[in-house]
Amino acid sequence: MAKVLIIGSGGAGLVSALSAHEAGAEVVVVSKTLPTRSQTSMAQGGMNAVLDGDDSIADHIEDTLRSSAGLGDEKRIAFMCEKAPEAIEWCNRIGLPFSRDENGQIARRRLGGASAPRACYAQDYTGLKLLHTLYDQCLSAGIVFENERFLLNLIVDEATNRVLGATFLHIETGEVEEIRADAVIMASGGYGALYGKHSTNSVQATGDGLAAAVRAGAKLADMEFIQFHPTALKNSSILISESARGAGGYLLNANKERFTDELAPRDVVARAIHDEMAQSGAVYLDIRHLGENFIDHELPQERKLAQIYEGVDPVHELIPIKPAAHYSMGGIEVNETCMSSISGLFAVGECANHKTHGANRLGGNSLLELVVYGRHCGEEALKYALKHPVPDTPNLQLAKDTNFVRGVMYFTNQIDFYQKQEMLANIFYNNVGLVRDDMGLKAVLGAIRQMQKELPFMGPRDKSKVCNTNLVEFIEFGNKIELAEMIVVSAISRVESRGAHYRIDAPQRNDMMFGAHTITWKEDGVLCADFVK
Amino acid sequence: MEIIIQRGEVPQTYNVELENVTLLTLLNHIKTKIDPTLTYSHGCRSAVCGSCAVRVNGREQLMCEYKPSDGDVVEPIRNARVIRDLVVDGSMVERFNRAGEAWSEKNSNERVSAEAMERIETQSDCILCASCFSACPVYTANPDFIGPFALTRVWRYVNDPRESGIESKMAAVQSNGIWDCTLCGACVPVCPQGIAPKQDITMLRTKSVMMGYPDPTMNFGGGFDLGGWDF
């Protein structure tokens, strides 16, 4: 039986696990934590699909393509939108408890940038309920989980550019392990946690899979495109779902006046908020007029979180908000079969770039993408695995990584990496955020290169072998630094404005020069970048 | 503010001057600024990933929702093997959900009324934080008890208006399951999602009896129970 190793246990990982299993693979899912703790649980808004005649698949494609600002691949977007109704049906069949409308159909709401209400949802817990439903199905299917394993590196045979497996730190024991497989699916999530307290993401979204892929020689695409969600709580960056605006919520400035179309695409709304904050000093979300009944029923999480983190009750008060880093459009460059530039290495979900979101993702398209492409990826990975059984090639990666984990304990700790991590988050939010310019970006690049040099002077201060989260967080920090450089170099190279990437020193879109994907990779440790159509 | 954290056998006291923050924010402050060896689990900061359940002054709380007070004592959740400090072995989630067959077996794509779907709304809000598991006193007597989170999940699928494959689930919860619960209700107030596993277990009991399963708690009234009448 062909073996498929899946790294990451969020929505994308679990969908591809079920799909590969269904197709006949032996599947192992490796999780950094526990499967139901992943970032997918935080998705609230919904999953886009055209279910009846009031809406059309052509419109779904058109909306997605328009929002992608020239970087969406029409064929792949069409694939996703055409498979959307089937994806919803599949989710419903495995038990996802979608909310219903008065006709007993799956209820839909309108999210920003959509020409019709087409986001199927389960209250404001769509991601949570999807993730848990998938987990339950995986248990039913007898899928094997290896939990609390932190990805260190991919094992790649250099001569043939073929992935052989991956190495992991077993967090509990502190031992380094390897898992070999015929095909590997990376489903490790995005890199939003780079923005620290200015991100809506889980602290776990540190881009470990992308960083490992880069070290293994894979190419990344469009890393500079990071979506900022317009409405995060001001002090904590905790997400207030777009459905709050979809349902009729207003954005108000410090003078309590509306200043923008609340339902424009996310990049437009986020920048309008950014500008308004600079001008009037504060921006609020107002959902008071929706009424207590509606808020308790459709937005219960929002009410609770605003009370805990901002001390305001949205039923009676305005919610102070700011834009925060939310979704990584950039990711591992993959082809139509979800395979990366390394043979046998597939990628799916937020860590991959399927070119379905382009320069700006539409709300409701990420859960859709992970279901449609997760199913596709599982099948394609198995096809590859059957055709190309993994050779039993000796490889030094396990020995190297065992030595690294041992050696990192002797790093000198003259510099506190937590402090550097906080600084990285701040300079990223301010200079690699909603509004960018050449000078700011280059200053950040200088700071990153300095931090790279300083890494040996940092290190974990906790010397425990057992469950050393200080060590894990240090390696995560190394991954962030690895990706930070690629993001900033991509952002410097793209001297134009498009979607989520806005350069105040080049505010126009320039298709002649930059109507292409930013491809970045490393050769012998040197970062390379190119624009490819 | 003084916070006491149980670390293995030893309680350790930390002094932190932070006002009006969550316990998680406070622990993050300790880890990044004072003591990097302090070990705990966390993720979303918004009470939905289920990573950060602990006990504060003897009661289960999510660290990302709880606002600490001076002198609070923080311990790992109970009934699970402690790996380090506040981190426990989370394998009970997989083990007991498997034991209860807490998944959809056979589901339809028919239309369902909004009211019918709302029947399982609360139960499907579960974030698997295991607070209920920690509060449950049955585990001291029966470590194989399928327990509150898994039984709520079984009821979530049994009560799903679209579900038609409930027989083997109902069979799976007969032993070490619904009848082992003492209905003490300790699981109810500790759930951060407002779920009442005790009620769901009661519903499963009623359903079981309706399906013809014997009720072992009703061992009076002329049965052949080995325990018999005790007078």
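A residue counts as buried if 20 or more other C-beta atoms lie within 10 Å of its own. In this predicted model, twelve of the twelve residues of α5(B) meet that criterion, so the helix is largely enclosed by the rest of the structure. Helix α5 of chain A and the contact between chains A and B are also described below.

**Helix α5 of chain B**
- The helix covers residues 147–158, and its twelve residues should span 16 Å at 1.5 Å a residue; the end C-alpha atoms are 16 Å apart, which agrees.
- Its buried residues include the aromatic-named positions F149(B), W155(B) and Y157(B), together with R153(B) and R156(B).
- The cover over these buried residues includes α2 (91–99), α4 (131–135), α6 (167–172), α7 (187–190) and α8 (197–210) of chain B.

**Helix α5 of chain A**
- Seven of the eight residues of this helix (residues 208–215) are buried, so it too is largely enclosed by the rest of the structure.
- The buried positions are D208(A), G209(A), L210(A), A211(A), A212(A), A213(A) and V214(A).
- After α5(A) comes G217(A), which has a positive phi, near 105°.

**Contact between chains A and B**
- Chain B contributes 42 residues to the contact and chain A contributes 44 residues.
- On the side of chain B that touches chain A, the elements giving two or more residues are β6 (82–84), α2 and α3 (114–118) of chain B.
- The largest share of that side, four residues, comes from α2(B).
- By residue class, the side of chain B that touches chain A has 16 nonpolar, 17 polar and nine charged residues.

Methods. Residues are numbered from 1 along each chain as its sequence is written. Chains are lettered from A and ligands numbered from 1 in the order in which they are written. This is a predicted model: local features need pLDDT of at least 70, side-chain atom pairs count only at pLDDT 80 or more; totals for chains, interfaces and linings use all residues. The expected span of a helix is 1.5 Å times one less than its number of residues. Two residues are in contact if their C-beta atoms, placed from the backbone, lie within 7 Å. Ala, Val, Leu, Ile, Met, Phe, Trp, Tyr, Cys and Pro count as nonpolar, Asp, Glu, Lys and Arg as charged, and the others, Gly among them, as polar.
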